[in-house]
Amino acid sequence: MKHQIFIIFIILQFSILTLSQTTPSGPTNITQILEKAGQFTTLIRLMKVSQVSDQINTQLNNSNQGMTVFAPTDNAFSSLKSGTINSLSAQQQVQLVQFHVLPNFISMSQFQTISNPLRTQAGDATPGDFPLNVTTSGNQVNVSTGVDDATVSNTIYTDGQLAVYQVDKVLQPMSIFAAPSLAVAPAPATLKPKSKSPAGLSPTSGNDDSPADNSGVEKIAMHGTAVLVFEISLFVLL
């Protein structure tokens with residue numbers, strides 16, 4: 001009997017210890033949740049720098065509105081091209097983190113029937129801005145941004161108001177990472193050289209400025225002059 005009581009006591013102690021490790025004490029704190037889960041150092045740093053973590057904590061602890069967070073692991077950030085995060089402006093870093101936050105609580109089962117596109121804290125969900133679409137296949141949840149696709153690999157935390165899901169890729173919004181479409185420049189107009197009139201055409205043909213051939217007229221004039229000189233000479237002799 002004593003042996004059974006001792007075993008029950010050990011089980012209760014273990015349960016209390018496990019619960020204290022998975023559920024932060026006091027007000028909800030998103031960075032504490034991620035720190036306890038491990039492997040989210042980069043996301044935590046970005047949340048603190050952008051102050052998005054403060055916004056999440058304030059909203060959760062001062063309202064009844066729920067939230068959902070997609071949390072990329074450190075490996076997910078490492079798979080990005082080197083220098084990607086540092087190349088973003090301060091505003092873009094804020095938008096990137098906000099793009100991983102939904103302004104309402106969504107359980108895993110609710111992903112099965114949710115309507116796309118999902119609106120994030122980053123703003124407009126229209127194509128080209130910050131659209132986020134979710135598809136499911138059995139128990140697997142996939143998240144698409146229009147730039148990349150990620151998979152929900154684990155539930156880190158859920159309490160009915162906040163849900164935190166681990167994803168295997170950084171969700172890249174189109175507004176920041178989509179390559180701009182390049183407009184095709186029109187082909188330059190080809191200038192045609194001005195054509196010249198063939199030799200022998202009269203000056204009334206087109207707008208050709210070439211002088212007309214007057215050799216025939218000159219020959220007639222010379223012949224008339226010769227005849228006139230001959231007649232004058234003959235008159236003098238007579």
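Just one salt bridge turns up in the structure (a side-chain nitrogen of Lys or Arg within 4 Å of a carboxyl oxygen of Asp or Glu). This is a predicted model, so local features need pLDDT of at least 70 and side-chain atom pairs count only at pLDDT 80 or more, while totals for chains, interfaces and linings use all residues. Residues are numbered from 1 along each chain as its sequence is written, and side-chain values use heavy atoms, with hydrogens and water left out.

The partners are Lys48 and Glu35, with the closest N and O atoms 3.8 Å apart. Lys48 sits in helix H3 and Glu35 in helix H2, so the pair ties together parts 13 residues apart in sequence (helices are DSSP runs of H or I, at least four residues, numbered from the N terminus). Lys48 is partly exposed at 48% relative accessibility, and Glu35 is partly exposed at 46% (partly exposed lies between buried, under 20% relative accessible area, and exposed, over 50%, with a 1.4 Å probe and protein chains only).

Lys48 also takes part in the packing of H3 on H4, alongside Met47 and Ser50 of H3 and Val52, Ser53 and Ile56 of H4 (contact means heavy atoms within 4.5 Å). The two axes, fitted to C-alpha atoms over the stretch in contact, come within 5 Å and cross at roughly 80°. H3 and H4 are therefore roughly perpendicular (65 to 115 degrees).

As for the interior, the largest nonpolar core has 28 residues, with Leu34, Ile56, Leu162 and Val164 making the most contacts inside it (such a core is a set of buried Ala, Val, Leu, Ile, Met, Phe, Trp, Tyr and Cys residues joined through side-chain atoms within 4.5 Å).

Terms used: Axes fitted to C-alpha atoms, helices over the stretch in contact; angles between N-to-C directions. Helix = DSSP H or I, 4+ residues; strand = E, 2+ residues; numbered from the N terminus. Parallel < 35°, antiparallel > 145°, perpendicular 65-115°, else oblique.
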